[in-house]
Amino acid sequence: MMNKRKNRLQAILELLSSNSIGSQDELLQMLALRGFMVTQATLSRDLKSLRTIKVATDLGGYRYVVPSASGHANVDDITENIPSTVQSGTHQAVMSMAISGNIVVLKTRTGYASGLAYDIDQLAAPFILGTIPGAADTVIAIVAEGTDRGEIFEYFRGFLPDDVIDAARDQFL
């Protein structure tokens, strides 16, 4: 039974890495074509165990991604070759940036918070300890104490819109 689950999880990872899948129904159909007949509840548990998230696509929809290979003991190392979905270029959905102490608050258009948090985590900035996405339009990034605000603004230049960075910089520097 465990081998069957492992095979199913591997199939899910392969499907998510090579397709833009935006719904569980779509994923259920693709799994069925590979011989995996599962319920929506089982698929939901599988997606949770793989720590998948939904991120916004450039076309306005959403897709499932697997953010990291770490911590998935049930899947061994099958997630290593999944390509990153980190956007190249500027996140135009970011509307504002504010800094309070060691917390950076980013406001986005509705629905973009998870994708932005994922992309920030993928940057692997040495001074960003982690991110917390809100349900829809807010990302909180925790910055290491003592990090210079100017360094934060410069790090995000090219990743966030220049007008957002400039407005935040004008307010806080």
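The axes of helix H5 and helix H6 (residues 162-172) come within 10 Å of each other and cross at roughly 175 degrees. H5 and H6 are therefore roughly antiparallel to each other. Here, angles under 35 degrees count as roughly parallel, over 145 as roughly antiparallel, 65 to 115 as roughly perpendicular and the rest as oblique. Axes are lines fitted to C-alpha atoms, for helices over the stretch in contact, and angles run from 0 to 180 degrees between N-to-C directions. Arg-149, Gly-150, Phe-153, Glu-154 and Phe-156 in H5 meet Ile-165, Ala-168, Arg-169 and Phe-172 in H6. Contact means heavy atoms within 4.5 Å.

This is a predicted model, in which local features need pLDDT of at least 70 and side-chain atom pairs count only at pLDDT 80 or more, while totals for chains, interfaces and linings use all residues. Residues are numbered from 1 along each chain as its sequence is written, and side-chain values use heavy atoms, with hydrogens and water left out.

## The chain as a whole

The chain has six helices and six strands. Helices (H or I, at least four residues) and strands (E, at least two) are DSSP runs, numbered from the N terminus. In order from the N terminus, the elements read α-α-α-β-β-β-β-α-β-β-α-α.

Of the 173 residues, 39% count as buried. Buried means under 20% relative accessible area, exposed over 50%, and partly exposed in between, with a 1.4 Å probe and protein chains only. The accessible surface comes to about 9400 Å², and 51% of that belongs to carbon and sulfur atoms. These areas come from the Shrake-Rupley method with a 1.4 Å probe; for residues, only the protein chains shown count as cover. Among contacts with a separation of 6 or more, 53% join residues 24 or more positions apart.

## Helix H2 and its partner

Which residues of H2 are buried? In this helix (residues 24-33), they are Gln-24, Leu-27, Leu-28 and Leu-31. They cover an arc of only 105 degrees around the axis, which puts them on the same side of H2. The arc is that of the directions from the helix axis to the C-beta atoms. A general rule fits here. An α-helix has 3.6 residues a turn, so residues three or four places apart point the same way.

The face turned away from the buried side carries the exposed residues Asp-25, Gln-29 and Leu-33. Just after H2 comes Gly-35, with a positive phi of about 95 degrees.

H2 packs against helix H3 (residues 40-49) at an angle of about 100 degrees, with the axes 11 Å apart. That makes H2 roughly perpendicular to H3. Gln-24, Leu-27, Leu-28 and Leu-31 in H2 meet Gln-40, Leu-43, Ser-44 and Leu-47 in H3.

## Strands

Four strands form an open sheet in the order E3-E4-E6-E5, with antiparallel pairing. The edge strands are E3 (94-100) and E5 (128-133); each pairs on one side only. From one strand to the next, the twist averages 20 degrees. Two strands pair if DSSP finds at least two bridges between them.

E1 and strand E2 (residues 62-65) also pair in the antiparallel sense. The table lists the pairings.

| Pair | Bridges | Direction |
|---|---|---|
| E3 and E4 | six bridges | antiparallel |
| E4 and E6 | five bridges | antiparallel |
| E5 and E6 | five bridges | antiparallel |
| E1 and E2 | four bridges | antiparallel |

Some bridge partners can be named. Val-94 has Thr-108 in E4 as its partner. Lys-107 is matched with Thr-138 in E6. Ile-132 is matched with Ile-140, also in E6. Ile-53 stands opposite Val-65 in E2.

Two hairpins appear. E5 and E6 form one with four residues between them. E1 and E2 form another with five residues between them, and Gly-60 in the turn has a positive phi of about 95 degrees.

## Helix H4 across the sheet

Where does helix H4 lie? H4 (residues 113-123) lies across E3, E4, E5 and strand E6 (138-143), running at about 165 degrees to E5. The buried residues of H4 are Ala-113, Gly-115, Leu-116, Ala-117, Tyr-118, Asp-119 and Ile-120. Their cover includes strand E1 (53-56), E3, E4, E5, E6 and helix H5 (149-156). After H4 comes Ala-124, whose phi is positive, near 55 degrees.
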